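I opened the model today to look up two things, the enclosed space inside the fold and the packing of the nonpolar side chains. My notes follow in the order in which I looked.

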Amino acid sequence: MNDFNIDRPKAVHFGAGNIGRGFIGLILTKSGYDVCFVTRSQTKIEQFNLRKEYPITIANETKDRILVKNVEAVSTDDTLSVVKKIVDAKIITTALGVSNLPTIAENIALGIKARIIKNNKNPLHIIACENIIGASSKLKKYVYSYLPTSMHEQASQFVAFPNAAVDRIVPVQYHKDPLEVTVEPYFEWVIESSQLQEKLPTIQDVQFVDSLDAYIERKLFTVNTAHCSAAYFGYLKGYSTIQEVMKDPQLSMQVQKVMNETGEMLIEKYDLDEQEHKRYIRKILHRFANPNLKDKIVRVGRSPLRKLSINDRLVKPTVQAYELGMDISNLTKAIAAALHFDYIKDPESVKLNEELEKYDIHLVISKYLGIPKAHPIHEKVAAKYKEIKNRNLKVKTLS
């Protein structure tokens, strides 16, 4: 086991979930960082601090194993320890879900305040690795709300919040070892270089770009849109995993048609190379079908209200494609399928189902999808929703 080295750069990572351990922590340690995870899980904290390492399995044919070293952990509730770690850090990252960003903002603000008091003006980069456009910018607003106004200008001289796009499929999994994690071979981490204070210490396999917009939307509206579409289509047919969906020729083609529609929009909007984007789509389809993963539909489809919101992975690309005069028939079908996701163990699914039982579909589309009744997309979604509902009722009647 390796002990922490005073000469190695320090990283603080909020969230010790599968993405944090299987992606961000792995990349940072490979790049020479000592990584401190900040988490609420006492079990994980004890294991991190006892072992200083954890195993990762790559979901490929040979099941390659990697031992991630130079790690430790502190509790989210141990503010003093978190602040001490931030004072010495060169980079702070997150992978804990965008809805949890406000909960860590105060500790980060206290860490920045402590750096200012100690006159530590070494560059600090704070990168929120979440599935949303502008996650780091959102985190910055939360952090600055806890930072005294008199320190805002000082903080801006050495603290940066570059936005990022991240991509790696890490399904829900269960291991005897609480730190072990299985991940797919593919990953992508892109950071917006224009927002850096200065060049970061080397991070392996990370791509730096001047503008992130095209990368974020390419990922969000190809990978995330298609992933949740596969889940919602598969849920209607009674499948359990994304891999089962991809084995169904009809549903696999349906997912590809959704990607083709978002792809046409992205190619037009960002002047992407058409053939290169088609190769990207084929790669994503291959990833979804990976037989070495078991990616549960109820995991991928969870939180439908968030995923159906106006600026997220389903409605936003549909609106953009419509405004460009493009076909949205498969995207609206995916939205309608999402409205039928009624998994009883997911709070958002329960709420969505309750709203649909209580109110007219048109009110739900207006309220939760942000599409007014007068908009042509509204009626297209409503019609497909009713079509699925009628088909399901017919199946129930026959059975």
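I began with the lining of the largest cavity in this predicted model, and found that strand 9 (164-167) and helix 7 each supply at least two residues to that lining. Helix 7 gives the most, with four residues.

I then listed the lining in full, and wrote down Glu 130, Asn 131, Ile 132 and Ile 133, then Ala 164, Ala 165 and Val 166, and finally Ile 216, Lys 219, Leu 220 and Asn 224. Sorted by class, the lining of the largest cavity has seven nonpolar, two polar and two charged residues.

For the volume, I noted about 70 Å³ of space in the largest cavity, and I recorded that the structure holds one cavity of 30 Å³ or more.

Next I turned to the nonpolar packing, keeping in mind that in soluble globular proteins nonpolar side chains tend to be buried together. The largest nonpolar core has 58 residues, and Leu 339 and Leu 369 are those with the most contacts inside it. Helix 7, which spans residues 213-237, gives the most to this core, with nine residues.

Which residues does Leu 339 touch, if those up to four places away in sequence are not counted? I noted Leu 308, Leu 352, Leu 356, Ile 361, Val 364, Ile 365, Leu 369, Val 381 and Tyr 385.

Last, I entered a second, separate core of 33 residues, which includes Ala 16, Ile 24, Ile 45 and Ile 127.

Note on methods. Residues numbered from 1 in each chain as written. Predicted model: local features only at pLDDT ≥ 70, side-chain atom pairs only at ≥ 80, totals over all residues. Heavy atoms only, no water. Core = buried A, V, L, I, M, F, W, Y, C linked by side-chain atoms within 4.5 Å. Buried < 20%, exposed > 50% of the residue type's maximum accessible area, 1.4 Å probe, protein only. Contact = heavy atoms within 4.5 Å. 1 Å grid on protein atoms, 1.4 Å probe; cavity = no way out; pocket = protein on both sides within 12 Å on 5 of 7 lines; lining within 4 Å. Points joined across faces, edges and corners; volume = space filled by probe spheres on them. Nonpolar A, V, L, I, M, F, W, Y, C, P; charged D, E, K, R; others polar.
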